[in-house]
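Hi,

Here's the structure I promised to pass on. Have a look at it first, and then read my notes below.

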Amino acid sequence: MFKNTLTKVAGLALLLLTARPVLAQEVLDTDPNTLAPSKDPKRTANGLAQTPPMGWNSWNKFACNVNEQTIRATADAIASNGMKQAGYQYVVIDDCWHGPRDVNGFITEDKTRFPSGLKALGDYVHAKGLKFGIYSDAGTKTCGGRPGSQGHEYQDAVQYARWGVDYLKYDWCSTGVRNAEEAYALMSDALRASGRPILFSMCEWGNSKPWLWASKIGNMWRTTGDITDKWKGKYNYSWGVSSIVDMNEPLWPYAGPGHWNDPDMLEVGNGGLSDVEYRAHFSLWAMMASPLIAGNDVAAMSSATRDILLNRDVIAVDQDALGVQGHRVVRNGDLEVWAKPMADGGRAVLLWNRGEAPARIAADWAALSLPRKVRMQVRDLWAHKDLGRRAGSYEAEVAPHGVVMVRLTP
Ligand code: GLA
């Protein structure tokens, strides 16, 4: 009896502690010491990525096994399967496109894998109405052992601009004792000096807390090591989806238009999770205003995968103009409620069951920073169904590892 009361009191205290306010501004204003000023406060961002970037990247599916046929087939697919219309824009070649540097030090492409050259490939991607992205590294070598950009930053930026590159993912292997802020600022300056708007995706795995200093340097920064196509846990240098979520979630105050936390590329459709889990993965990325970079073979995906990646209601939550990263507002064991404030004054709400049995989860308006009396229009974003107006709370049964995602509109 006593133990039971104690559990209830502890539960209530936990609920109050975790039911934090939803608006980013409130936390930023009350906690200025967590925001270290940039070493150069006069820096300006490049103005890109006012909403989280959307596109595709080769790594999660193809790893080092990239070539021009695969990239062309992917661009063809994105342009014709509805992804482009849904907002997927950047087609990014990750590691292993590189050949040697030429006699003048300019980077060249691997001529066996890309015989037509990256300029021609960029033109091909652009002709499909899409944008072209590539990958490099701040060290002497990329993680795949290709030439890195260290000591060649301005030269590489010029080369990328010549090829028509619109997006650079910049990794952190073989960097020795380099200072991350300086290394990333140098490439950011080089990209700006190239004269071409190039979105800058920083990939130093959260080692030097880039959320504290990178908002004027890059458009997104990885907050974690690599994602792997598993539900949870740590595997060498990579983490399962729900473990990545737990590392990225607390960083919500640092994201905003032009500068986003990046919990890594999507695994949706790669086969390691169930469709229920992939729906949770995609929903959580949207709630966290994460870049939505598909990482599967989009030229050969199942209709279930397609329905997930093309869910426009969920994408609209990710892309909402307010640009506030949503976060967990209630945690009750394996049952969680997440909220993301929307530009229209409403909320995106996620009920997430991390447990192994079906469970009912309720989102109380109070936990969403809404007056309990106010009647909100409720739309179920996976059932694609309007549920009418509700006041006070919304409750639903949630499958194990699954989510129910609704949008509340005033
Ligand atoms: C690192 C990055 C990955 C990928 C590989 C390529 O591990 O974190 O996202 O780019 O390198 O080698």
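Below is what I found, starting with the ligand and then moving on to the cavities and one histidine.

Before you dive in, keep in mind that this is a predicted model.

**The ligand**

Try showing the ligand together with the residues around it. You should find Trp59, Asp94, Asp95, Tyr135, Cys143, Gly144, Lys169, Asp171, Cys203, Trp205, Arg222 and Asp226 there. Sorted by type, this shell has six charged residues, five nonpolar ones and one polar one.

Three side chains are worth zooming in on. For Asp95, an N or O atom of the side chain sits 2.8 Å from an oxygen atom of the ligand. Asp171 also has a polar side-chain atom 2.8 Å from a ligand oxygen. With Trp205, the distance from a polar side-chain atom to an oxygen of the ligand comes out at 2.9 Å. And how much of the ligand does the protein cover? On its own, the ligand has 310 Å² of accessible area, and the protein covers 93% of that.

**The cavities**

Next, the empty spaces. There are two cavities of 30 Å³ or more in the structure, and the largest one holds about 60 Å³ of space. Its lining is made up of Asn57, Tyr167, Lys169, Ser201, Met220, Arg222, Asp262, Met265 and Ile293. If you colour these by type, you'll get four nonpolar, three charged and two polar residues.

Which strands each give at least two residues to that lining? They are β6 (167-171) and β8 (220-222). You may also recognise a couple of names: Lys169 and Arg222 line the largest cavity and are also among the residues around the ligand.

**His259**

Last stop: His259, which you'll find in the loop that runs between α9 (241-248) and β12 (260-262). Its side chain reaches the backbone oxygen of Tyr254 at 3.2 Å. Tyr254 is also one of the contacts of His259 once you set aside neighbours within four places in sequence. The others are Ala49, Ser215, Gly218, Asn219 and Trp221.

Have fun clicking around, and shout if you get stuck!

Cheers

Terms used. Residues numbered from 1 in each chain as written. Predicted model: local features only at pLDDT ≥ 70, side-chain atom pairs only at ≥ 80, totals over all residues. Heavy atoms only, no water. 1 Å grid on protein atoms, 1.4 Å probe; cavity = no way out; pocket = protein on both sides within 12 Å on 5 of 7 lines; lining within 4 Å. Points joined across faces, edges and corners; volume = space filled by probe spheres on them. Helix = DSSP H or I, 4+ residues; strand = E, 2+ residues; numbered from the N terminus. Nonpolar A, V, L, I, M, F, W, Y, C, P; charged D, E, K, R; others polar. Near = heavy atom within 4 Å. Polar contact = N/O pair within 3.5 Å; in protein donor to acceptor, adjacent residues only side chain to side chain. Areas by Shrake-Rupley, 256 points an atom, 1.4 Å probe, with all protein chains shown as cover. Contact = heavy atoms within 4.5 Å.
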